[in-house]
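Work through the exercises below with the sequence and the model side by side. Try each task before you read its solution.

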Amino acid sequence: MPPEAKTVAVSKTVMSRTMLPSDANPYGNVHGGEVMKLIDAVAGAAATRHARARVVTARIDELSFLAPVYVGHLVTAKASVNHVGRTSMEVGVRVEAEDMLTGTVVHVASAYLVFVATDEGGRPVPLPPLVAETDDERRRMKAAEKRRSLRLHRPRTS
Ligand SMILES: CC(C)(COP(=O)(O)OP(=O)(O)OC[C@H]1O[C@@H](n2cnc3c(N)ncnc32)[C@H](O)[C@@H]1OP(=O)(O)O)[C@@H](O)C(=O)NCCC(=O)NCCS
């Protein structure tokens with residue numbers, strides 16, 4: 001029996017972390033890799049909640065760093081599943097940094113990641129279909145469909 005469809009809302013995931021000196025260079029700029037790690041973790045959690053199965057990161061693309069992050073910032077990453085294929089899904093992540101002393105919040109990064117649901121042997125398994133309920137979710141699903149068809153026409157190494 002095919003898995004039952006799930007809404008975008010049920011797998012939405014948010015993670016926050018205060019940036020420490022060990023996350024940064026000697027001048028206080030946080031390394032891009034720390035932000036990437038948070039992106040992979042929050043997106044992986046959203047993908048796992050949709051799949052309720054093991055997932056692996058198949059691809060990270062469209063990752064842009066838009067503004068610097070400094071030690072002491074509270075970095076919050078929000079992930080939601082944009083589109084589901086047969087065994088793969090695209091997750092979109094928006095990252096914001098809050099200067100906790102002033103309350104200023106800046107959009108610092110965005111990314112799209114593709115996860116594949118697998119069984120214990122690492123073989124891809126079918127996913128529940130995705131139900132978009134809001135206009136924003138429908139818009140993101142359409143845009144993700146276009147990105148998926150572009151990816152399918154590109155070699156996987158590019
Ligand atoms: C991801 C992985 C399971 C795909 O296995 P595969 O045998 O190539 O699977 P398939 O060709 O059957 O593709 C399965 C699905 O994944 C998608 N896919 C596979 N590789 C992809 C890639 N690089 N980018 C985007 N989508 C990809 C396919 O389009 C297909 O989607 P669909 O079922 O929704 O139509 C396998 O490549 C793998 O295990 N990679 C390593 C993942 C990993 O360890 N990540 C952490 C890195 S440290």
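The model is predicted. Keep that in mind throughout.

**Exercise 1. The overall fold**

Task: State how many helices and strands the chain has, and in which pattern they follow one another.

Solution.
- Step 1. Count the elements. There are 2 helices and 7 strands.
- Step 2. Read them along the sequence. The pattern is β-β-α-β-β-β-β-β-α.
- Step 3. Look at the contacts between residues at least 6 apart in sequence. Of these, 73% join residues at least 24 apart.

**Exercise 2. Compactness**

Task: Decide which radius of gyration a compact globule of 158 residues would have, and what the chain has.

Solution.
- Step 1. The rule puts a compact globule of 158 residues near 15 Å.
- Step 2. The chain has 16 Å, which agrees.
- Step 3. Add the outline. The C-alpha atoms fill a box of roughly 55 × 35 × 30 Å along the principal axes.
- Step 4. Add the burial. Buried residues make up 30% of the 158 residues.

**Exercise 3. Helix H1 and its packing**

Task: Find the span of H1, its buried residues and the strands they pack against.

Solution.
- Step 1. H1 covers residues 32-51, which is 20 residues. From first C-alpha to last it reaches 28 Å, close to the 28 Å expected at 1.5 Å a residue.
- Step 2. List the buried residues. They are Val35, Leu38, Ile39, Val42, Ala43, Ala46, Ala47, His50 and Ala51.
- Step 3. Consider the spacing. An α-helix has 3.6 residues a turn, so residues three or four places apart point the same way. Compare that rule with the list in Step 2.
- Step 4. Find the partners. The buried residues of H1 pack against S1 (6-7), S2 (13-18), S3 (54-65), S4 (74-84), S5 (88-98) and S6.

**Exercise 4. The nonpolar core**

Task: Say which residues have the most contacts inside the largest nonpolar core, and which elements give two or more residues to it.

Solution.
- Step 1. The largest nonpolar core has 34 residues. Those with the most contacts inside it are Ile39, Ala43, Ala47, Val91 and Val93.
- Step 2. H1, S4, S5 and S6 each give two or more residues to this core.
- Step 3. The largest share, 9 residues, comes from S6.
- Step 4. Zoom in on Ala43. Beyond its neighbours within four places in sequence, Ala43 is in contact with Ala79, Val91, Val93 and Leu113.

**Exercise 5. The end of H1**

Task: What is the sign of phi at Arg52, and is Arg52 a glycine or not a glycine?

Solution.
- Step 1. Place the residue. Arg52 follows H1 and sits in the loop between H1 and S3.
- Step 2. Recall the rule. Most residues other than glycine have a negative phi.
- Step 3. Check the angle. Arg52 has a positive phi of about 50° although it is not a glycine.
- Step 4. Check the surroundings. Arg52 is partly exposed because 13 other C-beta atoms lie within 10 Å.

**Exercise 6. The ligand shell**

Task: Describe the residues around the ligand: which come nearest, which strand gives the most, and how they divide by type.

Solution.
- Step 1. The shell has 15 residues, and Arg59, Gly85, Arg86, Thr87 and Ser88 come nearest.
- Step 2. S3 and S6 each supply at least two residues. S3 gives the most, with 4 residues.
- Step 3. By type, the shell divides into 5 nonpolar, 6 polar and 4 charged.

**Exercise 7. Buried, partly exposed or exposed?**

Task: Classify His107, Leu74, Arg123 and Arg151 by their C-beta neighbours.

Solution.
- Step 1. Fix the cut-offs. Within 10 Å, 20 or more other C-beta atoms means buried, 12 or fewer means exposed, and in between is partly exposed.
- Step 2. His107 lies in S6. With 11 neighbours, His107 is exposed. Outside its sequence neighbourhood of four places, His107 touches Leu66, Arg94 and Glu96.
- Step 3. Leu74 lies in S4. With 14 neighbours, Leu74 is partly exposed. On the same basis, Leu74 touches Ser16, Thr18, Glu98 and Met100.
- Step 4. Arg123 is in the loop between S6 (105-118) and S7 (130-131). With 10 neighbours, Arg123 is exposed. The C-alpha atoms of Arg123 and Thr87 are 9.7 Å apart, with their positions 36 residues apart along the chain.
- Step 5. Arg151 is in H2 (residues 135-152). With 18 neighbours, Arg151 is partly exposed.

Note on methods
Residues numbered from 1 in each chain as written. Predicted model: local features only at pLDDT ≥ 70, side-chain atom pairs only at ≥ 80, totals over all residues. Rg over C-alpha atoms; globule rule 2.2 N^0.38 Å. Contact = placed C-beta atoms within 7 Å. Expected span 1.5 Å × (residues − 1). Near = placed C-beta within 6 Å. Nonpolar A, V, L, I, M, F, W, Y, C, P; charged D, E, K, R; others polar. Core = buried A, V, L, I, M, F, W, Y, C linked by C-beta atoms within 7 Å.
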